[in-house]
Amino acid sequence: MKRLALALLCCVALDAMAQDHSHHMMPMPMPAPTTGEQPKTPIPALTDADRAAAKPPMADHPEHDNAIQSFVQFNRLEGFDGGLEWQGQAWIGTDTDKLWLRSEGERIDERTEAADLEVLYGKPIARWWDLVAGVRHDFKPGASQDWAAIGVTGTTPYKIELEATAYIGASGRTAARIEAEYEALLTNRLILQPLVELNLNGKDDPARHVGAGLSTAEAGLRLRYEVTRQFAPYIGVVYERAFGDTADLRHDASDTRVVAGFRIWF
């Protein structure tokens with residue numbers, strides 16, 4: 001019986017192996033078209049409109065690159081023995097048209113000794129230079145006064161940031177302010193910043209302790225560490241000196257102070 005059963009199983013296995021497996025075979029490749037046959041989707045001939053669309057825009061500043069941007073920076077926000085000083089600026093606008101706000105001032109023994117605010121319109125006149133024009137309002141010293149302002153702001157070839165502004169006030173008064181600063185990178189985050197500011201006046205103004213000519217000059221040297229690019233504490237030393245009639249009108253013709261503060265922008 002065992003031999004009979006083995007014979008039957010062998011017959012079943014041989015029959016299964018003999019079944020048709022043609023559906024598992026790979027499809028045969030189609031013959032390649034012979035030379036001279038046209039593609040099923042013909043390629044259209046180039047037109048003048050196609051060639052024009054392939055060229056880049058001719059304008060130097062495409063419209064999408066002239067979007068409205070804004071910037072706020074307190075370059076100096078510092079304290080010293082018995083006092084506080086600030087200098088900041090902000091602008092909003094496009095590459096070609098900007099509205100500037102600039103302010104600086106000083107408080108000593110909790111009293112505002114000097115403070116001003118400028119509102120200016122800026123227009124580029126060269127690759128690194130803007131022409132600015134507008135008004136300046138002095139809150140202190142003395143009674144408040146207004147000036148018409150015109151000047152330039154930009155960067156010189158040796159990366160010196162420069163602001164030079166002339167002012168015309170009431171009764172024919174004139175003044176000018178020139179500020180230059182440079183950033184020397186000791187490391188990627190440790191930066192030494194020398195700064196010089198000059199103030200000039202066209203007439204004597206005893207009520208505000210200002211004389212004609214070069215009235216004051218200030219030189220500062222600040223060392224800052226950029227914790228982030230937007231926030232950098234610093235320490236420094238500042239020397240200020242009055243000249244000419246301004247020195248005669250002031251109790252102290254010169255002053256040296258150690259300062260500490262931070263620079264912030266966003």
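The exercises below concern a predicted model of a protein chain and work through its overall make-up, its enclosed space and its salt bridges.

**Exercise 1. Describe the protein chain in terms of secondary structure, burial, contacts and surface.**

Solution.
- Step 1. The secondary structure consists of 3 helices and 13 strands.
- Step 2. Of the 266 residues in the chain, 28% are buried.
- Step 3. Among contacts with a separation of 6 or more, 41% join residues 24 or more positions apart.
- Step 4. The accessible surface is about 18200 Å², and carbon and sulfur atoms account for 64% of that area.

**Exercise 2. Determine how many cavities of 30 Å³ or more are present, and characterise the lining of the largest cavity.**

Solution.
- Step 1. The count gives 1 cavity of 30 Å³ or more, and the largest cavity holds about 100 Å³ of space.
- Step 2. Its lining includes Arg102, Glu104, Asp116, Glu118, Glu163, Arg177 and Glu179.
- Step 3. Sorted by class, the lining comprises 7 charged, 4 polar and 1 nonpolar residues.
- Step 4. At least two lining residues come from each of the strands β2 (83–93), β3 (98–108), β4 (111–126), β7 (161–169) and β8 (174–181).

**Exercise 3. Identify the salt-bridge partners of Arg177 among Glu104 and Asp116, and state which parts of the chain each pair ties together.**

Solution.
- Step 1. Arg177 and Glu104 form a salt bridge with an N to O distance of 3.4 Å. Because Arg177 belongs to strand β8 and Glu104 to strand β3, this pair ties together parts that are 73 residues apart in sequence.
- Step 2. Asp116 also forms a salt bridge with Arg177, with the closest N and O atoms 3.1 Å apart. Asp116 lies in strand β4 and Arg177 in strand β8, so parts 61 residues apart in sequence are tied together.
- Step 3. Burial is assigned under 20% relative accessible area. Arg177, at 12%, is therefore buried, and Glu104, at 14%, is buried as well. Asp116 is likewise buried.
- Step 4. Glu104, Asp116 and Arg177 are among the residues that line the largest cavity.

**Exercise 4. Is Glu226 buried or exposed, and what is the state of its salt-bridge partner Arg229?**

Solution.
- Step 1. The closest N and O atoms of Glu226 and Arg229 are 2.7 Å apart in their salt bridge.
- Step 2. Glu226 has 6% relative accessibility and so counts as buried.
- Step 3. Arg229, with a relative accessible area of 41%, is partly exposed.

**Exercise 5. Give the number of salt bridges and name the residues of a network.**

Solution.
- Step 1. There are 22 salt bridges by the rule applied.
- Step 2. One network links Arg76, Glu85, Glu106, Glu179, Glu197, Glu240, Arg250, Asp255 and Arg257.
- Step 3. Glu179 of this network also appears in the lining of the largest cavity.

Notes. Residues are numbered from 1 along each chain as its sequence is written. This is a predicted model: local features need pLDDT of at least 70, side-chain atom pairs count only at pLDDT 80 or more; totals for chains, interfaces and linings use all residues. Side-chain values use heavy atoms; hydrogens and water are left out. On a 1 Å grid over the protein atoms alone, a cavity is a set of points where a 1.4 Å probe fits but cannot get out, and a pocket is an open set with protein on both sides within 12 Å along at least five of seven lines; lining residues have an atom within 4 Å of a point. Grid points are joined across faces, edges and corners, and a volume is the space filled by probe spheres set on the points. Helices (H or I, at least four residues) and strands (E, at least two) are DSSP runs, numbered from the N terminus. Ala, Val, Leu, Ile, Met, Phe, Trp, Tyr, Cys and Pro count as nonpolar, Asp, Glu, Lys and Arg as charged, and the others, Gly among them, as polar. Buried means under 20% relative accessible area, exposed over 50%, partly exposed in between (1.4 Å probe, protein chains only). Contact means heavy atoms within 4.5 Å. Accessible areas come from the Shrake-Rupley method with a 1.4 Å probe; for residues, only the protein chains shown count as cover. A salt bridge is a side-chain nitrogen of Lys or Arg within 4 Å of a carboxyl oxygen of Asp or Glu.
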